[in-house]
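Biologist: Could you walk me through this fold? I'd like to hear the reasoning behind the labels as we go.

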Amino acid sequence: MNKTYKHVEDTRITISELMLPSHANFSGKIHGGYILNLMDQIAFACASKYSSTYCVTASVDTVDFLNPIEVGELVTMKASINYVGKTSMVVGIRVESQHIQSGNVKHCNSSYFTMVAKDDNGKNVPVPGLILNNELEIRRFLKAIKRTEMKKIRQNEFDRDDFIPENYLKDLKKYNVKIELNG
């Protein structure tokens, strides 16, 4: 069986939506949960387009809300595949909002969704390889590898059965925390 490859350019998807008062939270800004829902939708669309299969969200990394989104602004989300494994893909998403009258554009969020390709029976299936054509695409692929490696290091350090909190108490001294260990 020949391995197929696809260009990053062929994975790009853009969606835009006008933000309505029904999307706002109690402070009058667009609710972060609504934006996350839209991001999950574009991640699904991007990963499914790339893999030609149904995809599920496995994890979401780095959701930093940089600027608020106002009612009446046009939100545009741009997504592309940044990394592929055997059955998984990392979809990079950039969220921008535009004030309709002034044309002012704000970067509101960038995030990374790991999506897994599935067959009709819910089993993981292989995805095509990714063709990298420029420095930015190479950088994004490598950053995805580093995020995965750092996550594994954190899990190995803190999720072990033999974890000893006392070994880390000195690291907590500069933080706004009071330690009261029982027994």
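Biologist: What makes you say that strand 5 is largely enclosed by the rest of the structure?

Modeller: Bear in mind first that this is a predicted model. Buried means under 20% relative accessible area. In strand 5, residues 88-98, 8 of the 11 residues are buried, so the strand is largely enclosed by the rest of the structure.

Biologist: And why is strand 4 called largely enclosed?

Modeller: The argument runs along similar lines. Of the 11 residues of strand 4, 8 are buried, so the rest of the structure largely encloses it. Strand 4 covers residues 74-84.

Biologist: How do you know that strand 4 and strand 5 pair?

Modeller: Two strands pair if there are at least two bridges between them. Strand 4 and strand 5 have 10 bridges, in the antiparallel sense, so they pass that cut-off. If you want to look at particular spots, Met77 has Val95 in strand 5 as its bridge partner, and Ile81 has Val91 in strand 5. A hairpin of 3 residues links strand 4 to strand 5.

Biologist: What does strand 5 do with strand 6?

Modeller: Strand 5 pairs with strand 6, residues 105-118, in the antiparallel sense over 11 bridges. Glu96 is the residue standing opposite His107 in strand 6. These two strands form a hairpin too, with 6 residues between them. Have a look at Gly103 in that turn: its phi is positive, about 80°.

Biologist: How do you know that strand 2 is joined to strand 4?

Modeller: There are 6 bridges between strand 2 and strand 4, and the two run antiparallel. The cut-off for pairing is at least two bridges, so this counts as a pair. Ile13 stands opposite Ala79 in strand 4, for example.

Biologist: Is Leu18 buried or exposed, or in between?

Modeller: In between. Leu18 has a relative accessible area of 41%; buried needs under 20% and exposed needs over 50%, so Leu18 is called partly exposed. Leu18 is in strand 2, residues 13-18.

Biologist: Which residues is Leu18 in contact with, leaving aside its neighbours within four places in sequence?

Modeller: His23, Gly72, Glu73, Leu74 and Ile100. Glu73 is 55 residues apart from Leu18 along the chain, yet their C-alpha atoms are separated by 5.9 Å.

Biologist: Why is Ser48 called buried?

Modeller: Ser48 has 14% relative accessibility, and the limit is under 20%, so Ser48 counts as buried. Ser48 is part of helix 1, residues 32-51. Not counting residues up to four places away in sequence, Ser48 touches Thr53, Tyr54 and Cys55.

Biologist: Why is Ser52 called exposed?

Modeller: The relative accessible area of Ser52 is 60%. Exposed starts over 50%, so Ser52 gets that label. You'll find Ser52 in the loop between helix 1 and strand 3.

Biologist: What is the phi of Ser52?

Modeller: Near 60°, which is a positive value in a residue other than glycine. Thr62 also has a phi near 60°, and Thr62 sits in the loop between strand 3 and strand 4.

Biologist: What makes Thr62 partly exposed?

Modeller: Thr62 has a relative accessible area of 33%. Partly exposed lies between the 20% and 50% limits, so the label fits Thr62.

Biologist: Where is Ile164 found?

Modeller: In the segment after helix 2. Ile164 is partly exposed, at 41% relative accessible area. The C-alpha atoms of Ile164 and Lys86 are separated by 35 Å, with their positions 78 residues apart along the chain.

Biologist: How many helices and strands does the protein chain have?

Modeller: The chain has 2 helices and 7 strands. Going from the N terminus, the order is β-β-α-β-β-β-β-β-α.

Biologist: How does the radius of gyration of the protein chain sit against that of a compact globule?

Modeller: A compact globule of 183 residues would come out near 16 Å, but this chain has 20 Å. The C-alpha atoms fill a box of roughly 55 × 55 × 35 Å along the principal axes. Of the 183 residues, 30% count as buried.

Conventions
Residues are numbered from 1 along each chain as its sequence is written. This is a predicted model: local features need pLDDT of at least 70, side-chain atom pairs count only at pLDDT 80 or more; totals for chains, interfaces and linings use all residues. Side-chain values use heavy atoms; hydrogens and water are left out. Helices (H or I, at least four residues) and strands (E, at least two) are DSSP runs, numbered from the N terminus. Buried means under 20% relative accessible area, exposed over 50%, partly exposed in between (1.4 Å probe, protein chains only). Contact means heavy atoms within 4.5 Å. The radius of gyration is taken over C-alpha atoms; the globule rule is 2.2 Å times the number of residues to the power 0.38.
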